[in-house]
Amino acid sequence: MGRKDEPPRLAGGGFAAWSRDRLGLARRGAEECGDVWQLEPGVYVAAAAGPCEAVLRRAQDFPKASSPLFPPLKRSSGTPTSEERAYAHAARMRGLRAQAVAARIGEIAPRTARFADQWPTGRDVEVLPPVRHTLAEIGVSYLFSEDAPTLLAPASQLFLAREVLVRPSRWVWPRWVPTPARRFRTRQQVAFTDALRPVVRRRRSSGRLGEDMLGQMLRPSPHYGLLPEEAVVDTLPGITVATFETPSRAAGWILLHLARHPRAASRVAAEAAALPADPAATTSAHLDNLRYTQALVSEVLRLYPPSWLLTRHAPRQTQLAGYTIDAGSTVLVCPYTAQRDAREHSEPDRFRPERWLDDAGSPAKPGAFLAFGTGPHGCEGAALAMAMLTLLTAQTARRYHLSEPTGPEPGYRVTTLEGLAPVGLRLRATSRG
């Protein structure tokens with residue numbers, strides 16, 4: 001066993017203070033040590049935009065570690081082959097690509113409107129739990145359509161298992177050690193796949209595969225043929241949790257910025273006034289017209305990427321920004337600093353959504369943007385996440401002024417999976433009237 005680089009167990013704001021120090025270290029490293037700097041022997045940090053993008057795009061030189069949060073379950077029938085997993089990934093992408101998301105905006109919009117309608121006014125509310133519940137409903141429904149009610153509760157338990165698994169710990173245990181967190185993870189993964197398996201069998205036996213993402217995975221491919229059942233159920237727990245876990249962290253930062261920047265919030269509200277009175281009538285054209293809202297979402301994701309640090313490994317010696325990276329080294333990619341690179345973004349620490357709009361009011365997308373990663377391992381659900389976050393932001397600002405209660409500022413939380421979330425965020429909503 002080896003000691004983890006974990007936060008000290010301090011009372012009160014110790015965890016938040018440690019996290020700020022960690023972010024500050026990355027920022028100081030970018031400013032003082034250059035584009036790439038050595039944190040310790042065998043560990044490098046890519047802090048500037050150019051090296052960060054290079055690492056993420058050079059997947060052969062810097063492959064993503066093969067340690068999924070929900071690894072395939074051990075069964076007598078064996079685990080999916082690499083070819084089957086590749087086909088499963090391609091099938092998922094067919095269901096998550098931008099065109100597929102655009103066709104289902106009318107299903108996503110009503111739940112974002114319901115979130116805004118149900119926000120209690122006149123009192124301070126902890127934001128992240130209801131946001132996460134809403135986005136879980138949207139994400140699970142997007143993946144599984146009419147079967148979502150059966151799978152929502154097991155999916156929520158998968159999220160809880162993930163939270164338990166990445167909770168700060170003093171020690172790193174070998175993967176084969178059945179710690180309580182890993183046993184809990186396995187139980188919830190088994191429960192989810194047990195709930196999913198009858199859905200897969202019913203759809204296949206009836207021939208009604210569905211038009212959702214699961215339906216895409218059940219369709220045979222001319223090249224791969226029909227995916228085995230195990231390849232379907234084993235590859236879905238991770239993407240199911242991802243559809244709402246990371247967007248929930250992002251939504252917290254977005255709502256906080258609506259509270260801190262009332263003029264920007266009013267501009268979002270004015271734009272959202274053009275949305276249909278019946279949210280189910282919302283189309284991709286309505287979403288495209290929310291240009292400033294999308295710019296605001298992109299700007300918050302630039303300043304506070306929900307995954308602020310990504311880990312890659314070098315299987316062989318290679319070069320990066322003038323550094324010789326030895327085989328076996330770890331390279332930490334830091335979107336947090338890359339997206340605050342002054343060579344890519346003017347006034348990089350300033351919240352300015354207008355930077356994402358050109359004179360005609362269309363997205364200009366300046367500089368580095370790695371909130372969803374890039375390259376071969378970019379986020380599968382980026383289009384879905386942007387649609388959910390844009391509509392949630394528009395519907396909330398349309399109805400309410402948000403404000404922060406008096407007291408301490410929200411803290412940062414850095415998890416072992418490099419997530420950045422506002423902890424204990426409480427906001428108050430008052431009707432725009």
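## T430 and strand β13

In this predicted model, T430 lies in strand β13, which covers residues 426-431. With a relative accessible area of 37%, T430 is partly exposed, because that value falls between the 20% limit for buried residues and the 50% limit for exposed ones. Once neighbours within four places in sequence are set aside, T430 is in contact with R399, Y400 and H401. T430 also has a C-alpha to C-alpha distance of 6.6 Å to L402, although these two residues are 28 apart in sequence.

## The chain as a whole

The protein chain contains 16 helices and 13 strands, and of its 433 residues 51% are buried. Among contacts with a sequence separation of 6 or more, 75% are between residues 24 or more positions apart.

## Nonpolar cores

In soluble globular proteins, nonpolar side chains tend to be buried together. Here the largest nonpolar core has 102 residues, and the members with the most contacts inside it are I108, W119 and L236. The element that gives the most to this core is helix α11 (residues 236-260), with 12 residues. If residues up to four places away in sequence are not counted, L236 touches R92, F144, F192, L196, M213, L214 and M217.

A second core, separate from this one, has 17 residues, among them A46, A49, V331 and A338. A49 is also one of the buried residues of helix α2 (residues 49-57), the others being P51, C52, V55 and L56. These buried residues of α2 pack against the strands β2 (36-40), β3 (43-46), β6 (310-313), β7 (318-320) and β9 (330-333), and also against helix α15 (335-338).

## Packing of α5 against α6

Two packed helices are described by the angle between their axes and the distance between the axes. For helix α5 (residues 105-117) and helix α6 (residues 128-144) the angle is about 165° and the axes are 10 Å apart. The two helices are therefore roughly antiparallel to each other, since an angle over 145 degrees counts as such, and their crossing is right-handed.

On the α5 side the contact is made by I108, R111, T112, R114 and F115, and on the α6 side by P130, V131, T134, E137, I138, S141 and Y142. By class, these comprise six nonpolar, three polar and three charged residues. I108 thus appears in this helix contact and is also listed among the residues with the most contacts inside the largest nonpolar core.

## Packing of α12 against α16

Helix α12 (residues 262-272) and helix α16 (residues 382-399) pack at an angle of about 100°, with 8 Å between their axes. This angle lies in the range from 65 to 115 degrees, and α12 and α16 are therefore roughly perpendicular to each other.

The contact involves A265, V268, A269 and A272 from α12, together with T393, A394, A397 and R398 from α16. Sorted by class, it has six nonpolar residues, one polar and one charged.

## S298 in helix α14

S298 is found in helix α14, which covers residues 291-303. Its relative accessible area is 11% and S298 is therefore buried, as this value is under the 20% limit. Apart from neighbours within four places in sequence, S298 is in contact with W356, F369 and M386. One of these partners, M386, falls within the range of helix α16 (residues 382-399).

Notes. Residues numbered from 1 in each chain as written. Predicted model: local features only at pLDDT ≥ 70, side-chain atom pairs only at ≥ 80, totals over all residues. Heavy atoms only, no water. Axes fitted to C-alpha atoms, helices over the stretch in contact; angles between N-to-C directions. Helix = DSSP H or I, 4+ residues; strand = E, 2+ residues; numbered from the N terminus. Parallel < 35°, antiparallel > 145°, perpendicular 65-115°, else oblique. Left-handed = near helix turned anticlockwise from the far one by under 90°. Contact = heavy atoms within 4.5 Å. Nonpolar A, V, L, I, M, F, W, Y, C, P; charged D, E, K, R; others polar. Core = buried A, V, L, I, M, F, W, Y, C linked by side-chain atoms within 4.5 Å. Buried < 20%, exposed > 50% of the residue type's maximum accessible area, 1.4 Å probe, protein only.
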